[in-house]
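Please examine the sequence and the three-dimensional structure shown below. The report then describes selected features under short headings.

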Amino acid sequence: MGEVDAVIEVEGLRKVFRGFKSLKVGPLPIPWGQRLRVEAVAGIDLTVRRGEIYGFLGPNGAGKTTTIKMLMGLIRPSAGVMRIFGGAPDEIETRARIGYLPEQPYFYDYLRPREILDFFGKLFLMPRAAREARIDELLPLVGLEDSQNKKLREFSKGMLQRIGIAGALLNEPDLVVLDEPLSGLDPIGRKELRDIIVAQRDLGRTVFFSSHILSDIEMICDKVAIIDHGVIRAVGTLAELLDSEHLEVEIIVRGVSQEILRDRFASVARVERIGEYSRLIVGEGQSNDALRVILELGGHVEGVVRRRESLEDLFVRSAERRGPAVGEEGA
Amino acid sequence: MKRRRSGAWRFTALRVAALAGNTFKEAVRNRAFIGLMFLAGAFLAFSLVLSSLAVTGQGNRVLLDFGFFSISLFGVLIAIVMGAILLHKEIDKKTIFTIIPKPVHRFEVVLGKYFGMLAILIVEVGVLSVLWLGLLWLKGAPVTPEIGKALLLIFLEIVLITAVALMFSSFSRPVLTGILATGVFIVGRVVYLVGEMLTARGGLFVDHPGLRPFGEAVVRVVPDLRVFDGSQEVLLEIPIRGSYLVSATGYCMSYVLVLLALSVLLFQRRDFT
């Protein structure tokens, strides 16, 4: 704790939701008939440094949104320490420096884009002229300058996401926290948002965002943490995480059935179908043996490519190490 | 130090005003509110018909009585409906997710909702009062300052019931909030009877002494809403003294402060999942 350039510091952060029978506690589904405790976040540590784009990656229900909500003061943690800019996250001065986009943002649907941004600006105590100037800047940035006169109830999911992004950038925050910002956007919208996120970093801001869309994180993040079942499974820069230990060789094969390949390489390789071909992915050290076996089986090797492990591979590997974090309490 | 503190309160006031303004906007753009306002107006207009059917010489009395009844009824109804819906809607529709992470204190969110609702009720009571006074003037009924004082008392009752509804809505769902707040309103209107029964030499609490603590608790906790009924004084042409208005305001405010403090405490502890 206490690093000079650390923007978010989290230590031993934990959240346990408790409930009775049919009560819904937290974002996780609870079966009937039991008194339950759900450990949504199981004691995590995180450090996000100034100027980073930090990707918080995990499958649905992994604990991403609960962690973010604890940082944003929406949920009280059961245990642990959180600091943003070295101070408590619930301090007014700290919050004034944060822009936040909730997951699937919901807005006052009786308002128009300019009205909702103006309302948010008032909560940041921005003077009227500054609010108007900033709104004039943001509406074109998120592509909503032509929808200013529509009420938000007429907006599509993607348009609501865009107004949410404008809301998150309204106060020119030093830290931008985005919960699943790319969901609900079409490919062009996603590209535009990725550009906006990178532009925030170029302005010296820190961006912390969660996603389960690996390609987006891989494209723009400086650092990644993978969370699953409330536990951080991996953390580091992409270069650190996708290191040379996990170099793989991709062998494209024709003339041997998938069943035979799966049977023969069950323990050492992944086998995938690509049309009439099969793709065999093996560790670098096993490639010579694999090629020999394929030739012995009468197969034709159509191509051999050495490749680095992808974030998807790392994610799958991390998720495979998962342990249950949901349990019963009492009897 | 003092200066810094006064600055903090000014900032709180600005944020509460922004939140209240948004609550006000939400209500006036809500069809239920507009519908209730039209219904209240129609109710008042109906008093004209009733007054024309009244026994000779009693027409103005019917107009007065029905006017007080309508303004009070619709004020309390709107207070309970808005109190039950507005805060809950904020949580249910998840718009609260965009508010709490902003540089606002949770108590400011509660106060913003409350003052927003009061602003709506000022409009409601104001519009209906002007309409009603216009009807009285048209029918040639005397428009006295006592009527204004009685309307102020009705508004104090609505201010209190709004705080009751907000307090219940900070932990329960709208239907339950509506039932509980309506219950407080009804019991509050007759709580003086419970007080009289407790001092009586016979009756329920003498026949069933086990119920006595319950009766005493009701009298202590539930506000006596009869305090805010000035209609009889107007009808009987008894003046409503300024000192009475001050003490009624103090009575209302003491309840409002306790109810708002409870609402803040309950809201402060909530997780927004």
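The following sections treat the basis of the model, chain A, one of its sheets, salt bridges and the surface and interior of chain B.

## Basis of the description

This is a predicted model, in which local features need pLDDT of at least 70 and side-chain atom pairs count only at pLDDT 80 or more, while totals for chains, interfaces and linings use all residues. Residues are numbered from 1 along each chain as its sequence is written, chains are lettered from A and ligands numbered from 1 in the order in which they are written, and side-chain values use heavy atoms, with hydrogens and water left out.

## Chain A as a whole

Chain A contains eleven helices and 14 strands. Helices (H or I, at least four residues) and strands (E, at least two) are DSSP runs, numbered from the N terminus. Of its 331 residues, 52% count as buried. Buried means under 20% relative accessible area, exposed means over 50%, and partly exposed lies in between (1.4 Å probe, protein chains only).

About 15200 Å² of chain A is exposed, and carbon and sulfur atoms supply 49% of this area. Such accessible areas come from the Shrake-Rupley method with a 1.4 Å probe; for residues, only the protein chains shown count as cover. Among the contacts in chain A with a separation of 6 or more, 70% are between residues 24 or more positions apart. A contact means heavy atoms within 4.5 Å.

Asp5(A) provides an example of residues distant in sequence that meet in space. Asp5(A) lies in the segment before β1 of chain A and, at 34% relative accessibility, counts as partly exposed. Its C-alpha is 5.5 Å from that of Arg50(A), although the two are 45 residues apart in sequence. Apart from neighbours within four places in sequence, Asp5(A) is in contact with Val48(A), Arg49(A) and Arg50(A).

## A four-stranded sheet

In chain A, four strands form an open, antiparallel sheet in the order β11-β12-β10-β13. Two strands pair if DSSP finds at least two bridges between them. Strands β11 (269-274) and β13 (300-307) of chain A stand at the edges with a single partner strand each, so one side of each has no neighbour in the sheet. On average, neighbouring strands of this sheet are turned by 20° against each other, direction ignored.

Strand β10 (residues 248-254) of chain A is joined to β13(A) by seven bridges, and the two run antiparallel. Val253(A) stands opposite Val301(A), which is in β13(A). Helix α10 (residues 287-296) of chain A lies across β10, β12 (277-283) and β13 of chain A, and runs at about 10° to β10(A). Axes are lines fitted to C-alpha atoms, for helices over the stretch in contact, and angles run from 0 to 180 degrees between N-to-C directions.

## Salt bridges

Over all chains, the structure holds 29 salt bridges. A salt bridge is a side-chain nitrogen of Lys or Arg within 4 Å of a carboxyl oxygen of Asp or Glu. One of them joins Glu39(A) and Arg14(A), with the closest N and O atoms 2.6 Å apart. This pair links strand β2 (residues 35-49) of chain A, which holds Glu39(A), with strand β1 (residues 6-20) of chain A, which holds Arg14(A); the two residues are 25 residues apart. Glu39(A) is buried, with a relative accessible area of 17%, whereas Arg14(A) is partly exposed, at 29%.

Within the sheet described above, Arg279(A) and Glu250(A) meet in a salt bridge (3.9 Å, N to O). Arg279(A) lies in strand β12 of chain A and Glu250(A) in strand β10 of chain A, so the pair ties together parts that are 29 residues apart in sequence. In chain B, a salt bridge joins Arg189(B) and Glu157(B) (2.9 Å, N to O). Arg189(B) is in helix α7 (residues 174-199) of chain B and Glu157(B) in helix α6 (residues 145-169) of chain B, 32 residues apart. Arg189(B) counts as partly exposed at 34% relative accessibility, while Glu157(B) counts as buried at 1%.

## Surface and interior of chain B

Which residue of helix α11 is partly exposed, and which is buried? Leu266(B), in helix α11 (residues 242-268) of chain B, is partly exposed at 31% relative accessibility. Ser263(B), also in helix α11 of chain B, is buried at 0%. Not counting residues up to four places away in sequence, Ser263(B) touches Val110(B), Leu166(B), Met167(B) and Ser170(B).
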